[in-house]
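Notebook open, coffee poured. I wanted to look up a surface spot and then the chain contact.

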Amino acid sequence: MHDDPAALGLRESATFDRATIAAIQRAAETGVYDIRGWGAKRRVPHFDDLLFLGASMSRYPLEGYRERCDTDVVLGDRHATRPLRLATPVTIAGMSFGALSAQAKEALGRGASEAGTSTTTGDGGMTPEERGHSKTLVYQYLPSRYGMNPDDLRRADAIEVVLGQGAKPGGGGMLLGQKITDRVAAMRTLPPGIDQRSACRHPDWTGPDDLEIKIRELREITDWEKPIYVKVGATRTYYDVKLAAKAGADVIVVDGMQGGTAATQEVFIEHVGIPTLAALPQAVRALQEEGLHRRVQLVVSGGVRNGADLAKCMALGADAVAIGTAALIALGDNHPKWDAEYRKLGSAAGYFDDYQDGRDPAGISTQDEELAARLDPVEGGRRVANLIRVMTMEAQTIARACGKAHLRNLEPEDLVALTVESAAMARVPLAGTDWIPGTGR
Amino acid sequence: MAPVTEIDLRSASVRELNGALHRAEPGTSWRVLHPGGAHNLAVGLDAAVDVVIDGHAGYYCAGMNQHATVTVHGNVGVGVAENMMSGTVRVRGSASQSAGATAHGGLLVIDGDASARCGISMKGVDIVVGGDVGHMSAFMGQAGRLVVCGDAGDALGDSLYEARIYVQGRVRSLGADCVEKEMGPEHLAELAMLLKAAGRDDDPAGFRRYGSARRLYHFTTGNSY
Ligand SMILES: Cc1cc2nc3c(=O)[nH]c(=O)nc-3n(C[C@H](O)[C@H](O)[C@H](O)COP(=O)(O)O)c2cc1C
């Protein structure tokens with residue numbers, strides 16, 4: 001006898017697949033919607049749908065191991081007197097202390113510093129551990145303003161005004177009670193143990209005209225030293241990027257719908273926002289039309305996993321990328337060694353997304369002291385630095401093959417698309433044709 | 001008395017003003033002439049200086065204040081004393097929206113009215129408003145005290161955490177999870193202290209107290225918000 005029902009000729013529904021059936025059953029049993037971490041799990045057009053055209057007869061490649069291919073990037077030199085100078089365009093995205101353990105935050109700081117790049121605070125303020133171990137730290141300015149204070153603002157290397165995240169554009173944050181320990185509660189001025197809802201709108205400005213004044217206020221407070229980023233979840237990206245640039249941002253971060261989150265409604269993660277691939281060319285076009293492409297730097301995030309994704313982002317016109325989920329995986333998230341423990345939680349290695357729950361066996365998305373102690377920040381930092389180095393070297397490999405002496409010299413002309421959808425979104429031709437859907441070409 | 005340094009915004013820029021105030025020695029006194037409603041005046045101060053603004057100010061006046069005393073002889077725009085940490089900000093006229101937004105400490109006194117969202121997401125500041133406040137005031141207020149000597153608009157204290165609200169006049173409506181609470185002796189004493197600090201002589205006995213019912217603190221099936 002076969003265990004596989006399909007082998008018996010039984011047929012699963014494509015519309016009501018197993019995950020959908022389980023979700024309906026869950027809703028019926030509990031009466032509450034599902035909240036989880038990670039990002040969108042459905043398949044959407046992505047960087048895998050693009051390929052590079054290596055050099056051959058009509059283009060000249062660079063020698064793989066000898067000829068230089070630089071990777072450095074300057075972020076925020078439009079108005080700030082102290083822009084960030086990074087050795088690689090791979091940065092660590094904002095993830096809050098609270099969502100992540102203090103050890104995980106420290107490890108991210110160590111990893112970023114070792115690799116010569118920046119890391120970012122999150123919706124819970126700046127911890128001394130994080131500041132201490134991060135050579136270059138971007139301080140998020142979020143609607144909740146948890147822990148926001150002028151001393152940390154002055155201690156930061158850059159300030160990121162967060163309007164939204166790709167996982168939940170238009171939504172505020174959540175941190176469930178089991179993660180609101182006394183320390184997290186005190187940093188956020190909240191009663192311990194409550195299910196925290198953080199605001200989705202900034203409390204003291206609305207719209208681009210106000211944002212311009214707000215950005216000036218932050219500059220005035222910090223004496224115009226620090227680059228000011230604006231982060232948006234990918235939706236109406238063309239307009240959002242234009243408005244953010246006009247409001248005076250030095251750097252714009254665009255986070256696509258695949259972007260990770262610590263805790264969001266499943267329906268929000270899977271159904272709101274547009275793919276990173278669709279957003280990036282819109283952002284570049286918006287900046288080009290304003291004459292600000294490369295003057296205002298563009299950081300892209302949401303499903304960036306490896307050096308190929310990095311190279312594709314650079315080729316489409318990004319100045320840098322930010323990684324969240326990939327950095328957590330580097331720290332040990334979803335590692336097979338935790339499989340038995342994931343299964344006790346009703347999950348499995350490779351599937352775990354219950355960051356909201358605080359019982360992370362890998363000790364990353366938790367505030368439980370015993371679990372958090374499983375993560376060694378020094379070893380974690382080394383692993384994160386390794387990932388960043390590998391991503392950078394992979395991107396260099398591609399850039400050299402395309403004849404580029406700097407990652408930023410990669411261009412859309414180096415790319416083709418595998419599908420009609422990705423060709424239309426990325427505005428590069430379908431492979432083997434000169435057809436870019438939607439451009440009349 | 002130390003001499004007062006005057007900065008006239010007809011000739012000096014906002015950058016020059018803030019730069020000078022950031023370098024100012026504690027105990028010094030400053031007077032800002034012809035502010036003309038400019039934004040971001042006296043923001044990010046970090047010393048016990050005394051600043052008087054002679055006229056109207058725009059957005060974020062005295063934003064993120066620490067230690068300083070800032071007095072505005074006029075009206076202020078959006079977000080006066082936003083995210084203040086300590087010190088005192090006093091507005092002789094009225095304030096636009098989001099006065100004292102997210103402020104963690106210090107005292108904000110508005111002699112006139114405050115518009116919508118006064119004390120939004122307040123995190124420990126004390127705010128005393130001589131006149132009325134607009135709708136959604138103390139929205140998501142986490143800590144600190146909001147005293148309204150006049151009336152309050154709709155949805156007062158919506159989604160409130162642990163901030164306390166005292167209102168002397170009429171409350172148009174309470175927001176989600178905000179309820180009236182009994183006025184105990186400690187509340188009367190606290191209110192008397194706040195009124196005194198603001199230089200007012202209203203009778204604490206004429207106020208009502210509002211706070212969180214704490215029914216939204218946990219996500220449950222019954223929670224439809
Ligand atoms: C655990 C976790 C916590 C996060 N916390 C924040 C946050 O506090 N603020 C924010 O702007 N984004 C937050 N994000 C989103 C990241 O900054 C970033 O946009 C996203 O992770 C990028 O997509 P990727 O995970 O596919 O790399 C968080 C993401 C994760 C996975």
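Started with F16(A): the relative accessible area comes out at 47%, so I logged this residue as partly exposed, since that label covers the range between the 20% and 50% cut-offs. Note to self: this is a predicted model.

Next I checked where F16(A) sits. I found it in the segment before helix 1 (18-30) of chain A.

Then I asked which residues make a nonpolar surface patch with F16(A). I21(A) and I24(A) are the partners, and the patch of the three covers about 280 Å².

Moved on to the interface. The size of an interface is often given as the accessible area lost when the parts come together, so I pulled that number first. Chain A and chain B bury about 3,200 Å² between them, and carbon and sulfur atoms account for 56% of that area. On the residue count, I get 41 from chain A and 37 from chain B in the contact.

How many salt bridges run across the interface of chain A and chain B? I got five by the rule. One I looked up joins R145(A) to E82(B), with 3.7 Å between the closest N and O atoms; the rule's limit is 4 Å, so this pair passes.

For polar contacts across the interface of chain A and chain B, I noted 20 residue pairs, both residues at pLDDT 80 or more.

Last, I looked at what chain A brings to the side that touches chain B. Helix 4 (150-155), strand 10 (196-197) and helix 6 (207-221) each supply at least two residues. Helix 6 of chain A gives the largest share, eight residues.

Methods. Residues numbered from 1 in each chain as written. Chains lettered and ligands numbered in written order. Predicted model: local features only at pLDDT ≥ 70, side-chain atom pairs only at ≥ 80, totals over all residues. Heavy atoms only, no water. Patch = residues over 30% accessible without salt bridge, like charges linked within 9 Å, V, L, I, M, F, W, Y side chains within 5 Å. Areas by Shrake-Rupley, 256 points an atom, 1.4 Å probe, with all protein chains shown as cover. Salt bridge = Lys/Arg side-chain N within 4 Å of Asp/Glu carboxyl O. Helix = DSSP H or I, 4+ residues; strand = E, 2+ residues; numbered from the N terminus. Buried < 20%, exposed > 50% of the residue type's maximum accessible area, 1.4 Å probe, protein only. Contact = heavy atoms within 4.5 Å. Buried area = accessible area lost by both parts, 1.4 Å probe. Polar contact = N/O pair within 3.5 Å; in protein donor to acceptor, adjacent residues only side chain to side chain.
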